Amino acid sequence: MITLATSIKWHIVSIFFLFSIATMQSQDNSQKDFSDFSFTRLDSLFQQKKQNNFEEAKIFATQLLKKASDENNASWKIISYYNLAFIHRKLGENELAKNAIDSLRNYATKMNDAVYLAKSYSLEGNIFYEKGNYEEALRLYQESYDILKNTEDKKNSLVTLYNICLLYT
């Protein structure tokens, strides 16, 4: 016959066991070898984690940049630097975000990628907005919009206009 105390002990042991497994799985990504992962898979994993697990998203963004650098793939370097800038900003690591933005801007300019060049200005504008430097944020958002209005990218144009509108509310 199982007593109430025995039942509670089993539940506690079960919960501890499940918690231990979940903790081990999240820690595994920091030491895992991602060399066999494709660019798309690493980016997809980043996209999945960027909203709720910034540290894990940072691992995937870093691994994506490592792969892009190892394979000298400029297009994926652009995406990697954008992802890193985004996640550093979310983590409040503004200096690291700024370094990633500078690299993003450099590669986007070299590759004539107007959309990511514009996104670099918007991302930097977000940092200044969060710091309360609205004048600099506006200048950066306007720079982004000036680039985007000459592209077919309506989504990022609207996002940038929305950011500008926020400054006037």
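This report walks through a predicted model of one protein chain, from its overall build to its helices, two loop residues and its largest pocket.

## The overall build

Let's start with the whole chain. The protein chain contains eight helices and zero strands, and read from the N terminus its elements go α-α-α-α-α-α-α-α.

Of the 169 residues in the protein chain, 40% are buried. The accessible surface comes to about 10,600 Å², and carbon and sulfur atoms account for 55% of that area. If you look at contacts between residues at least 6 apart in sequence, 52% of them join residues at least 24 apart.

## Helix α3 and the residue that follows

Helix α3 covers residues 54-70, which makes 17 residues. From its first C-alpha to its last it reaches 24 Å, close to the 24 Å expected at 1.5 Å a residue. On its buried list you will find Glu56, Ala57, Ile59, Phe60, Ala61, Leu64, Leu65, Lys67 and Ala68. Note that Glu56 and Lys67 are among the buried residues of α3, so a charged residue type is no bar to burial here, given that Glu and Lys count as charged.

After α3 comes asparagine 72, with a positive phi of about 50°. Asparagine 72 is not a glycine, and its place is the loop between α3 and α4. Is asparagine 72 buried or exposed? Its relative accessibility is 61%, so asparagine 72 counts as exposed, the cut-off for that class being over 50%.

## Helix α5 and the residue that follows

Helix α5 takes in residues 94-110. Its 17 residues should span 24 Å at 1.5 Å a residue, and because its end C-alpha atoms are 24 Å apart, the model agrees with that expectation. The buried residues of α5 are Ala97, Ala100, Ile101, Leu104, Arg105, Tyr107 and Ala108. Helices α4 and α6 are included in what covers them.

Just after α5, asparagine 112 has a positive phi of about 55°. This asparagine belongs to the loop between α5 and α6, and it is a residue other than glycine. Why is a positive phi worth pointing out? Most residues other than glycine have a negative phi. Asparagine 112 has a relative accessibility of 70% and therefore counts as exposed.

## Isoleucine 78 in helix α4

Isoleucine 78 lies in helix α4. With just 1% relative accessibility, isoleucine 78 counts as buried. Which residues does isoleucine 78 contact, leaving aside its neighbours within four places in sequence? They are Leu104, Tyr107, Ala108, Met111, Asp113 and Tyr116. Three of these names, Leu104, Tyr107 and Ala108, also appear among the buried residues of α5.

For another link across the sequence, take isoleucine 78 and serine 103. They are 25 residues apart in sequence, and their C-alpha atoms are 8.0 Å apart in space.

## Serine 122 and asparagine 163

Two polar residues are worth a look together. Serine 122 is part of helix α6, while asparagine 163 is part of helix α8. Serine 122 counts as buried because its relative accessibility is 11%, and asparagine 163, at 11% relative accessibility, counts as buried too. Along the chain these residues are 41 apart, and their C-alpha atoms are separated by 8.4 Å.

Not counting its neighbours within four places in sequence, serine 122 is in contact with Tyr141, Ser144 and Thr160. On the same basis, asparagine 163 touches Asn126 and Tyr141. Tyr141 is thus a contact of serine 122 and of asparagine 163.

## The largest pocket

How can empty space in a model be found? Rolling a probe the size of a water molecule over the atoms shows where it is left. The largest pocket in this model has a volume of about 380 Å³.

Its lining is made up of 18 residues, and those nearest the centre are Tyr82, Phe86, Lys119, Asn156 and Val159. At least two lining residues come from each of α2 (39-49), α4 (74-90), α6 (114-131) and α8 (154-167). Sorted by class, the lining holds six nonpolar, seven polar and five charged residues.

Conventions. Residues are numbered from 1 along each chain as its sequence is written. This is a predicted model: local features need pLDDT of at least 70, side-chain atom pairs count only at pLDDT 80 or more; totals for chains, interfaces and linings use all residues. Side-chain values use heavy atoms; hydrogens and water are left out. On a 1 Å grid over the protein atoms alone, a cavity is a set of points where a 1.4 Å probe fits but cannot get out, and a pocket is an open set with protein on both sides within 12 Å along at least five of seven lines; lining residues have an atom within 4 Å of a point. Grid points are joined across faces, edges and corners, and a volume is the space filled by probe spheres set on the points. Helices (H or I, at least four residues) and strands (E, at least two) are DSSP runs, numbered from the N terminus. The expected span of a helix is 1.5 Å times one less than its number of residues. Buried means under 20% relative accessible area, exposed over 50%, partly exposed in between (1.4 Å probe, protein chains only). Contact means heavy atoms within 4.5 Å. Accessible areas come from the Shrake-Rupley method with a 1.4 Å probe; for residues, only the protein chains shown count as cover.
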